[in-house]
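Hi everyone, thanks for making time. I'll walk you through a few spots in this one, so please pull it up on your screens.

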Amino acid sequence: MTELTQNPAIGSAATDDSNAGHPMWSSRLAFILAASGSAVGLGNIWKFPYITGENGGGAFVLVYLLCIALIGIPIMVAEVAIGRRGGRSPINSMRQLAARDGLSKRWVWIGGMGMIASFLILSFYSVIGGWALSYVGNSAGGLFVGASSDSIGALFGNLLSDPYTLLLWHSVFMVLVIMIVARGVSSGMEKAINILMPILFGLLLVMVGYAMSTDSFAAGFQFLFTPDFSKLTTEGVLTALGHAFFTLSLGMGVMMAYGSYLPKNVSIVKTAFTVSILDTAVALLAGLAIFPLVFANGMEAGAGPGLIFQTLPIAFGQMPGGVFFGTLFFILLVVAAVTSAISLLEPVVEWFEEQKGISRRKGALIGGLSIWALGITTILSLNEWSGFHPLGMFERFEGKTIFDLLDYVTANLMMPLGGLFIALFVGWFMSKQAAENELSIGNGFAFKLFMFILRFITPAAVLVVFVYNLM
Ligand code: TRP
């Protein structure tokens with residue numbers, strides 16, 4: 001997806017811009033698939049349910065949906081528009097656009113911060129991807145069959161307490177990602193996503209179907225969709241905002257990079273809507289599959305990062321064909337995680353290529369190995385170092401392990417900041433003519449509304465949540 005030069009399917013679409021010759025996606029669908037491959041990942045199936053559980057359900061979901069609609073979608077449009085207009089890697093697109101409109105060179109820092117954030121995120125993302133990998137084996141080995149929720153909880157507990165097993169699967173996951181990125185993401189990979197994404201979607205529907213057959217479906221549904229604002233904290237609002245960025249892969253230049261390959265005649269607005277709706281649908285389906293099981297088995301909704309690994313196996317252990325469905329599910333979860341992880345390593349590799357003249361293969365190896373090494377701190381946070389809270393002297397970071405801190409700083413600080421600057425850039429700094437050209441929704445009401453949201457609503461929302469949280 002990202003190394004399009006090697007993809008014969010693209011390069012055909014003509015472009016009328018200065019960057020003619022730059023490869024292009026073959027179609028709008030190809031872009032949608034690549035962008036959703038990045039967006040749909042552990043964020044939807046692992047993170048969304050567990051943070052929803054921790055933050056009390058409905059009210060949190062409502063805020064999250066508002067963040068997607070008012071902040072996420074406009075920023076995705078802005079990010080893709082910058083990428084398409086710049087036609088280069090994020091750092092160079094920003095450099096190019098800033099120069100074209102006579103703006104400060106410092107705008108390239110949006111790209112730089114994104115790269116650092118990608119590096120940090122992938123280090124723990126890969127550890128979670130490793131959990132999913134190990135669950136492929138657990139499921140195929142029949143470990144869930146007829147197991148009680150206690151023994152399934154113990155299975156997960158044992159995994160977390162064993163740094164060597166965690167290291168093994170984290171390593172396997174990183175090797176997969178490094179290999180794919182080193183080769184350049186081939187058209188074969190694109191075809192695989194083409195088939196696997198719809199299967200993942202279908203399988204989630206099967207899981208929701210199973211959840212409907214339990215008598216706790218109503219309770220799960222209500223938990224997700226009936227807001228109880230007394231359960232919502234300001235920290236919860238910040239988490240919802242951060243997650244809107246995380247789940248849509250925003251604020252770090254990934255969508256910029258993908259946008260640079262988007263043909264001029266494709267509507268950015270429509271495309272951003274499609275990707276966001278798809279991504280949100282996957283998250284909500286995951287929630288609908290998981291929470292009824294939580295209640296049916298008397299478990300804690302706020303169980304934390306282990307939630308899906310402690311609930312779904314119960315269902316697989318009881319339903320007919322559970323070994324097959326369970327194994328398939330975790331394989332698909334790994335695939336979804338890998339396609340997202342690729343988009344996290346890519347900016348790092350691109351930077352090595354551009355700034356240091358290091359080849360793609362070497363860059364993937366050096367970048368990947370450093371990320372792998374950093375990942376070890378996340379592994380240890382789960383066991384040996386679980387009592388180590390490096391910033392514990394600050395009230396805000398009390399009880400947070402290195403893993404918690406990496407997650408917090410990237411999702412709650414770096415991504416919203418990146419997104420804020422992207423919105424400000426397109427809303428206030430890039431020439432209005434350019435914005436009009438890229439959005440190509442005319443200059444009537446829809447355009448004015450969009451620019452209004454980008455200039456005022458989005459930055460205000462990010463700032464309010466930020467400032468409120470600092471106090
Ligand atoms: N969106 C992915 C998920 O939900 C994670 C991800 C991939 C990401 N690429 C990103 C997050 C870039 C932020 C920026 O799992």
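Let's start with α17 and α18, which are oblique to each other because their angle of about 120° falls outside the ranges for roughly parallel, antiparallel or perpendicular. Before I go further, please keep in mind that this is a predicted model. Helix α18 covers residues 445-470, and α17 covers residues 432-439. Their axes are 11 Å apart, and α17 passes α18 in a right-handed crossing.

So which residues in α17 meet α18? On the α17 side, look for K432, A435, E436 and L439. Their counterparts in α18 are F447, F450 and M451. If you sort that contact by class, you get five nonpolar residues, two charged ones and no polar ones.

Stay with α17 for a moment, and find E438. Its side chain meets that of K264 in a salt bridge, at 3.2 Å from N to O. Where do the two partners sit? E438 is in α17, while K264 is in the loop between α11 (254-259) and α12 (268-296), so this pair ties together parts that are 174 residues apart in sequence. Now, buried or partly exposed? E438 has a relative accessible area of 5%, so E438 is buried. K264, on the other hand, comes out at 25% relative accessibility, and that counts as partly exposed, because the cut-off for buried is under 20%.

Okay, next salt bridge. E346 pairs with R360, and their closest N and O atoms are 2.8 Å apart. E346 belongs to helix α14 (residues 322-356) and R360 to helix α15 (residues 360-381), so here the parts being tied together are 14 residues apart in sequence. Both ends of this one are buried: E346 has 3% relative accessibility, and R360 has 9%.

R360 also has a salt bridge with E353, this time at 3.9 Å from N to O. E353 is partly exposed, with a relative accessible area of 30%. And while we're on shared partners, let me go back to E438 and K264: salt bridges join those two and R84 into one network. How many salt bridges does the model have? The count comes to six.

Now over to α14 again, and its meeting with helix α7, residues 163-183. The two axes come within 9 Å and cross at roughly 60°. That makes α7 oblique to α14, and the crossing is right-handed.

Who's involved there? From α7 we have F173, L176, V177, I178, I180 and V181. From α14, the list is V334, A337, V338, A341, I342, L345, E346 and V349. You'll recognise E346, the salt-bridge partner of R360. By class, this contact has 13 nonpolar residues, one charged and no polar.

One last stop: S139, which lies in helix α5, residues 108-140. Is S139 buried or exposed? Buried, with a relative accessible area of 2%. What does S139 touch, leaving aside residues up to four places away in sequence? Those contacts are F144, G322, V323, G326, T327 and F330.

That's my tour. Who wants to start the discussion?

Methods
Residues numbered from 1 in each chain as written. Predicted model: local features only at pLDDT ≥ 70, side-chain atom pairs only at ≥ 80, totals over all residues. Heavy atoms only, no water. Salt bridge = Lys/Arg side-chain N within 4 Å of Asp/Glu carboxyl O. Helix = DSSP H or I, 4+ residues; strand = E, 2+ residues; numbered from the N terminus. Buried < 20%, exposed > 50% of the residue type's maximum accessible area, 1.4 Å probe, protein only. Axes fitted to C-alpha atoms, helices over the stretch in contact; angles between N-to-C directions. Parallel < 35°, antiparallel > 145°, perpendicular 65-115°, else oblique. Left-handed = near helix turned anticlockwise from the far one by under 90°. Contact = heavy atoms within 4.5 Å. Nonpolar A, V, L, I, M, F, W, Y, C, P; charged D, E, K, R; others polar.
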